[in-house]
Structures are given as C-alpha cells and as structure tokens.
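Q: How do I read a model of two protein chains? Please show me the structure, then take me through the features one by one.

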Amino acid sequence: MSRAREERQLRRSRMFAGFGVQQLNLVPLVDTFVSIVFFALTTTTVGELAPVVPGVSLPSASVGTTALSQFTIGIGANVTVANRAVMSTAEAAGSVSDDPRQPLKIPVLYRELRHIADSIRAERHLAPRDELKYPLAIQGDKSMRYDLLSRFMQTARLAGFRQLSLQVERRSPVAGP
Amino acid sequence: MASTYFHRTRLRREERKATMHQGGLNLVPLVDILTSIVFFSLLTYAGAALAALTSFDLTLPPTVVENPADLQKLKSEKELLNLLLVVRLYDDRIEIEHSADGGYRKRVGGVEGAFLDEFEKEMTAIRARYPQNKDVLVLPADGMNYETIVHVLERLKLARYSGISLGTRSREAK
C-alpha cells in the first residue's frame, strides 16, 4: 500500500469517527411524533363525532350537516337522556299531560329536561325566563310514529330547549342516471 | 493482477460503509409504541358505535305577531316571513301550499320513490321563484313513519331550504 493511500485512509477514518460521535438518534423522536399525531387526530375527529345511542335503529339520509356530540335524547325501546334511561317508550307514548294547555307534554321527561335546563341556566347565570341557547339532539328509531316524536319535541321545547336537531345515519348519495 | 477502477471504488465503498456503521432504521421502538396504542385503545373502548351521523337542524315554526311590542323585538326585516310555505305529509300523498300569488296548492300522489323526485322538483322550482324564502313548515300526519319524514326532509335540503320546521296539528288534551 502506498504512503499516500495510507494517509488518505487515516484521514477518512478520523473524519467518519468524528461523525459517529456526533450523530443524533432520531428514532425515539419519530416514535413520539407518531403517538402525538395519532392521539391528536383521534381526539379532534372521533372525539367530537356523535355516538349512536345503543338500541336505536336510525333512519338514513345523504344530506345534512355532520352531527357532533351533543346532549341527546335517544328513543328506542327506552327513552334515554344523555345515555341514561328515563322511562320506557311505551310509558312515554301512554303518558298523559298534566297541563291542559299542552296536551303533548310528557311529564316525566319534562321534569328531567327541566332539571337539566335549570342546571345549565344556573351555570351560565341566566334568569329562568332567559332563552337557553343550548342544542339538543334527538336520535329516534326509524319505526317511530310522528305523533310520538312530536310529543318529545314539544316537551323539550317546553323545558327550554329551542335548538332541536334530528340526528340520522349518513348514507352515501345515490349516483344519478 | 492490476487493480481496475471498478475494484478500487468497490473497495473504497466497503471501507466507508464499515466506518460509518449504517445499519438501517431500528423499527423495534415504533412497534412497541403502536402496540401500546392498540392495547389502550381496546381497553378504553366504550362500546358505543361511532357511525358518521348527519343532522337536521330544526327551526321553530313561524308564529303570528299580534302585539306591537313583540314586533319591536324583531331585529331585522329578514326575520319577517313574506312567504308562508307549508308541506303537509299524509300516508298516501304530499300537499304543498304557499301564500303567494293568491294562494298555491300542489298535490303529489305518493311519499316514496318517483313521487319524492317530483316533490323535490316542485320545491326546487318554488325556491327558484322565491329566492328570498328559505323557510318551510312541514306538517306530518300523526301516523306518519319517522323514516318517511326524514326522506322528505332530505329532499327539502336538496332543494336548498335551510329553515325547516316541524309543526303539529292542534289537538285537544287527552
């Protein structure tokens, strides 16, 4: 081996040895970023999407706004308010209003919703007659009749919830001819 | 044997590789992290189905303002309804009524399939004729199926009505 070559090899090995000492291990950093991106995506998109109330078979529609997680009344075999069973749907359908001027009112549901509305008013420092701007979603079974749905809507409005929305399953649009 | 240019460069590359210790990317920590994510995702799964839902926001049905003091409360003229458009739903037909031009009434002979197409076409025409009006009051019959009502609401959205309200007929106390 020539002398020039030996010197060149020595120089190169010194240079690469220097690189080896200073190199940065980026693998843990990449792992951490993967975790952050994963949890950021799941909490911003999935976390805000409205879950389907168990036991409710929703009708479907191809239009409408994306339903976000809201305070929800579920109407399946049981009536649920924020995922807590309040009464059976058969009881709700057969219940008689205690207010002659409001024949559609369901008293048990009204008391439950009124209690929640009062809590929200207290938290927001609103007077009892102030308008409550708080959205309420209804997830109803597709086999339900309108006379029953109208009783739930009217009871919710009487309790103070004026911003009602019907949450249904999203269906992909049917392609035209 | 005299060394060729190819052999010399190959030898140099081998020397450099050995010096730099380029062993590739270590994927083991990444697999560990992904395993942790899957484990905790399964552990915290609440059991509630997360389907993509869509929402129909309902407005309150229009009311007649008789008290002048209530009229003052209206913030702008936009809140005044200049066309009362009503869709009555029955089990076997849809009736469209509005208050303009001395009154208008149209009957659609069904609530499914091609009849819904006809209904949507009619509502789109009314929307085009009265572009300032985005509100419609839907009055379903008591026995109407909820799914059918949703299909009608869907057609109203497709006809670009944004202020949809569901009304009920007046009735006596039970």
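A: We go from each chain to the interface, then to a surface patch.

Q: What should I know before reading?

A: This is a predicted model: local features need pLDDT of at least 70, side-chain atom pairs count only at pLDDT 80 or more, and totals for chains, interfaces and linings use all residues. Residues are numbered from 1 along each chain as its sequence is written, chains are lettered from A and ligands numbered from 1 in the order in which they are written, and side-chain values use heavy atoms, with hydrogens and water left out.

Q: How many helices and strands does chain A have?

A: Helices (H or I, at least four residues) and strands (E, at least two) are DSSP runs, numbered from the N terminus. Chain A has five helices and seven strands. Their order along the sequence is α-α-β-β-β-β-β-α-α-β-α-β.

Q: What is the pattern in chain B?

A: Chain B reads α-α-β-α-β-β-β-α-β-α-β. That comes to five helices and six strands.

Q: What share of chain A is buried?

A: Buried means under 20% relative accessible area, exposed means over 50%, and partly exposed lies in between (1.4 Å probe, protein chains only). In chain A, 40% of the 177 residues are buried. In chain B, 32% of the 174 residues count as buried.

Q: How much surface does chain A expose?

A: Accessible areas come from the Shrake-Rupley method with a 1.4 Å probe; for residues, only the protein chains shown count as cover. Chain A exposes about 10300 Å², with 58% from carbon and sulfur atoms. For chain B the accessible surface is about 11400 Å², and carbon and sulfur atoms hold 56% of it.

Q: How many residues of each chain are in contact with the other chain?

A: Contact means heavy atoms within 4.5 Å. Here 50 residues of chain B are in contact with 56 residues of chain A.

Q: What area is buried between the chains?

A: Buried area is the accessible area (1.4 Å probe) that two parts lose on being put together, summed over both. Between chain B and chain A it is about 4600 Å². Carbon and sulfur atoms give 63% of that area.

Q: Which residues form the salt bridge across the interface?

A: A salt bridge is a side-chain nitrogen of Lys or Arg within 4 Å of a carboxyl oxygen of Asp or Glu. The rule finds one across this interface. It joins the side chains of A:Arg171 and B:Glu154, at 2.6 Å from N to O.

Q: Which element gives the most to the side of chain B that touches chain A?

A: Helix H5 (146-158) of chain B is one of the elements that supply at least two residues of that side. H5(B) gives the most, with nine residues.

Q: Is A:Ser35 buried or exposed?

A: A:Ser35 lies in helix H2 of chain A. Its relative accessible area is 16%, so A:Ser35 is buried. Leaving aside neighbours within four places in sequence, A:Ser35 is in contact with B:Ile33 and B:Ile37.

Q: Which residues form the nonpolar patch on the surface?

A: Patches are made of residues with over 30% relative accessible area and no salt bridge: like charges are joined within 9 Å, nonpolar side chains (Val, Leu, Ile, Met, Phe, Trp, Tyr) within 5 Å. This patch is formed by A:Leu24, A:Leu26, A:Leu29, A:Val30, A:Phe33, A:Val34, A:Ile36 and B:Leu34. Together they have about 740 Å² of accessible area. Helix H2 (residues 27-44) of chain A brings the largest share, five residues.

Q: Why does A:Leu26 count as partly exposed?

A: A:Leu26 counts as partly exposed because its relative accessibility is 45%. A:Leu26 sits in the loop between helix H1 (3-22) and H2 of chain A.
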